[in-house]
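Here's a quick tour of one pocket and a bit of surface. Have the viewer open and follow along.

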Amino acid sequence: MTNSITSPRQAALLCLKKWDTSHAFAETLIDQQAVQAQLKTSDRNLMQAIVFGVLRNRSWLDYLISKLRKGRLDSPTRLILEMGLCQIFIMQLARHAAVFETVSITPTKARGLVNAILRASLRQEEEIQHERIQLPLHIRYSVPQWIIERWTAAFGREHTIAMLERNNEPPPFHVRRNPLIPMTEDTRSLIPLEFIPGWYSINGPLPVESIQSGALYVADPSTRHAIDLLDPRPGEFVLDACAAPGGKSVSIISRTQGKVHLTATDLHAHRLPVLLENLKNQGGQYVETAQFDWSQDCPPEWEHYFDGVLLDVPCSNTGVMQRRVDVRWRLTPQEITRLAAMQARILDRASKAVKPGGRLVYSTCSIEQEENRQVVDQFLQKHPEFTLKRDHLALPFQEMSDGAYAALLLRA
């Protein structure tokens, strides 16, 4: 393989270099690089698997490099070694191909070193695999130590390990059935999820036609908890306050046979045209969208107006770390505290849109108490007109879905 931009491994290396020197998301860099390099689907998938594999396992890969090579390495050579070791030990690609293709994208002056280190790892493979399970959790699972400490204190060591293991696996692909739109293609690739009616995993070809038609919607089963608590009904006026990209709005439409009067707002105006088109495509009959920043006061025309308000606030994304590989390396405890303060402000403003006797669901894709129950409890102390009916925290390993939190608040 030539040292060309058309090589998926070379593209992966460029993505990782840019990720290290910018604040861009890995998914964004992968999409950009795939377009620039004009990669075919299989090569794009390989590039993504390498980038995600390196980022999910970086602490362990660097530890392994330090065992195999004493002394300092320049950043490009370290990245190449991370990629090669990832292909061998994480992706379990053919050993010869992983070594050969990794060496082929290495600058000439470092090829001998990279080749020697990768081949040394093969000779020590059994020892390496045995040692990994005995390493401290932050190295074994490649997460900052503060996350280990935080989750262990909140959930215990056993549950923490279960979440860490799941977060380092490629995420499953799930879809939700939209009963408003008929299926027109072969459904044998749809595997029903146990105890979750209307949800499926995919085992086989992606049902592209049904996804494009709106008969199936790509989403994670954890999103159902907020909709179950909100319990939208036909004819009601419902607000999805932080709606884009629209997954929960789509669920509201599906749940009400398209007969809900839905207002979907988002902070970013450029998202609204696609959002509106998506909601109508999913069977929404009475849908409108609007740009609004819910850290600001509720507009007078919306005060005490809605039967139900869904508030899926921006959060730390610690419940979706399996999908968002950047989170573990970009998040800090200080950022969680900042987000919790913003969430409390948004909850306070959006609560004014709930009419007497109405319902408010506060939800996140975080598993942090600071962003979840603590925000709700602080809100209830300031707003005695609301009561907590019930809440639910789903941890990632418990339901084989993402982590999520949802709380149902009733207004007197």
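Is Pro 172 buried, partly exposed or exposed? Keep in mind that this is a predicted model. Pro 172 comes out as partly exposed, because its relative accessible area is 26%, and the cut-offs for that class are 20% and 50%. You'll find Pro 172 in the loop between H11 and E1. Along the chain, Pro 172 and Asp 402 are 230 residues apart, yet their C-alpha atoms are separated by 9.7 Å.

Phe 173 sits in the loop between helix H11 (157–167) and E1. Here are the two loop residues together:

| Residue | Relative accessible area | Class |
|---|---|---|
| Pro 172 | 26% | partly exposed |
| Phe 173 | 36% | partly exposed |

Phe 173 also has a part in a nonpolar surface patch of about 310 Å². Its partners there are Leu 206, Val 208 and Val 218.

Now for the pocket. The second largest pocket holds about 240 Å³ of space. Its lining has 13 residues, and the ones closest to the pocket centre are Arg 176, Pro 197, Trp 199, Asp 228 and Arg 255. Three elements each give two or more residues to this lining: strand E1 (174–177), helix H13 (224–230) and helix H14 (247–255). What about the chemistry of the wall? The lining splits into five nonpolar, five charged and three polar residues.

Key: Residues numbered from 1 in each chain as written. Predicted model: local features only at pLDDT ≥ 70, side-chain atom pairs only at ≥ 80, totals over all residues. Heavy atoms only, no water. 1 Å grid on protein atoms, 1.4 Å probe; cavity = no way out; pocket = protein on both sides within 12 Å on 5 of 7 lines; lining within 4 Å. Points joined across faces, edges and corners; volume = space filled by probe spheres on them. Helix = DSSP H or I, 4+ residues; strand = E, 2+ residues; numbered from the N terminus. Nonpolar A, V, L, I, M, F, W, Y, C, P; charged D, E, K, R; others polar. Patch = residues over 30% accessible without salt bridge, like charges linked within 9 Å, V, L, I, M, F, W, Y side chains within 5 Å. Areas by Shrake-Rupley, 256 points an atom, 1.4 Å probe, with all protein chains shown as cover. Salt bridge = Lys/Arg side-chain N within 4 Å of Asp/Glu carboxyl O. Buried < 20%, exposed > 50% of the residue type's maximum accessible area, 1.4 Å probe, protein only.
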